[in-house]
Amino acid sequence: MPTTMTITLDSEIQEALNHKSRQLHLDPETAVVQLIRDFVQGRLLLADQEFAEGLTVAEYVALNDEQEAALWDRWYTEADRQVGHIIAEASPDALPPR
Amino acid sequence: MRYLLDKSVVRRCLRGLIGGALTDDVRHSLRLLKTFGPDELYISLQTLHILTHIIKVPQARLIIARTSVLYPVKYTKRWARRLREMGFEREDAYLLSLATFSTDRLKEGRILGVHGLVTCDYHLQNHLLALQPQLEIRLRRMTAQLSPPYNSARLPTVNTPDQITLST
């Protein structure tokens, strides 16, 4: 059952929301409900949300390619320490690439 | 066809999914993720660990849902050592070896290796192409002494995401 929630916006944001909603042919309430749904379902991230330990989404997105690659290299080394010892076994009739 | 995505491709997929800049590499990596399914796209255990234990945004789970894990087998480290002797960097050697000697389950794995390694690293691709004839010889020499299925191991191709998506 739908419930009502009151949101307080300053007038500048309210005007920008109305303007953007008009451009998208949406009423402002529908736009806000859609944004909340996307946020709750994880499709919409907030800038201050944690991306990884000690790093927000905004900080991660601001990294250039070289910095991002260096970060993943560090994470890879850490991951390798955790899982590098695991060994599996293929069945004798396992399929090689054809 | 089965492909192992290296972490350069996975991080571009993630960047696209969280709304980062859509560079060509990001677009092609995302297209790869959307075009192929979990029986075709594989990631290493290390990449899975990064996506499950280090990265905290839900977009990481989308990548996990679209891929499967490729597990190393008893010959992965041996072949990686030989690749390092031929000038490959430690991680590149491991990934190329994983693409050759790996399977899809911890026990009684149903596959041996993948057709190709997908990377955004052009240097790795060129290095493999330059050494391919010698690598084929060394791999044949090694697999001749192994029992099934490992005696059927093959060298993977190395492709960039655009080379895969443009050919489909």
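Biologist: How many of the 168 residues in chain B are buried, as a percentage?

Modeller: Buried residues make up 50% of chain B. Keep in mind that this is a predicted model. To be called buried, a residue needs 20 or more other C-beta atoms within 10 Å of its own. For chain A, 11% of the 98 residues count as buried.

Biologist: What makes chain B as compact as a globular protein of that length?

Modeller: Set the radius of gyration against the globule rule. Chain B comes out at 16 Å, and the rule gives 15 Å for 168 residues; those values are close, so the chain is as compact as a globular protein of that length. Its C-alpha trace spans about 50 × 35 × 30 Å along the principal axes. The secondary structure here is eight helices and seven strands.

Biologist: And how do you know that chain A is more spread out than a compact globule?

Modeller: Try the rule again. For 98 residues it gives 13 Å, but the radius of gyration of chain A is 23 Å, which is well over that, so chain A is more spread out than a compact globule. Its C-alpha atoms fill a box of roughly 65 × 35 × 30 Å. There are four helices and three strands in chain A, running α-α-β-β-α-α-β along the sequence. The chain is also divided into domain 1 (10-44) and domain 2 (47-82), and the C-alpha centres of these two domains lie 30 Å apart.

Biologist: Back to chain B. Why is H1(B) called roughly perpendicular to H2(B)?

Modeller: Helix H1 (residues 7-17) and helix H2 (residues 24-35) of chain B pack at about 95°, with their axes 8 Å apart. Angles from 65 to 115 degrees count as roughly perpendicular, so H1(B) and H2(B) get that label. Among the residues that meet there are Val9(B) and Cys13(B) from H1(B), with Val26(B) and Leu30(B) from H2(B).

Biologist: What makes E4 and E7 of chain B edge strands?

Modeller: Look at the order of the sheet: E4-E3-E2-E1-E6-E7, an open sheet of six strands with mixed pairing. Strand E4 (102-103) and strand E7 (157-159) each pair on one side only, and that makes them the edges.

Biologist: How do you know that E3(B) and E4(B) pair?

Modeller: Count the bridges. At least two are needed for a pair, and strand E3 (residues 68-72) and E4(B) have two bridges, in the antiparallel sense. You can look for Pro72(B), which stands opposite Ser102(B) in E4(B).

Biologist: Why is His25(A) called exposed, while Glu108(B) counts as partly exposed?

Modeller: It's a matter of counting neighbours. His25(A) has 7 other C-beta atoms within 10 Å, and exposed means 12 or fewer, so His25(A) is exposed. Glu108(B) has 14 such neighbours inside 10 Å; that falls between the exposed and buried cut-offs of 12 and 20, so Glu108(B) counts as partly exposed.

Biologist: What is the phi of His25(A), and what is the phi of Glu108(B)?

Modeller: Most residues other than glycine have a negative phi. His25(A), though not a glycine, has a positive phi of about 55°, and it sits in the loop between helix H1 (11-23) and helix H2 (28-40) of chain A. Glu108(B) is not a glycine either, and has a positive phi of about 50°. Its place is the loop between E4 and strand E5 (109-111) of chain B.

How values were computed: Residues numbered from 1 in each chain as written. Chains lettered and ligands numbered in written order. Predicted model: local features only at pLDDT ≥ 70, side-chain atom pairs only at ≥ 80, totals over all residues. Rg over C-alpha atoms; globule rule 2.2 N^0.38 Å. Domains from an automatic or database assignment. Axes fitted to C-alpha atoms, helices over the stretch in contact; angles between N-to-C directions. Parallel < 35°, antiparallel > 145°, perpendicular 65-115°, else oblique. Contact = placed C-beta atoms within 7 Å.
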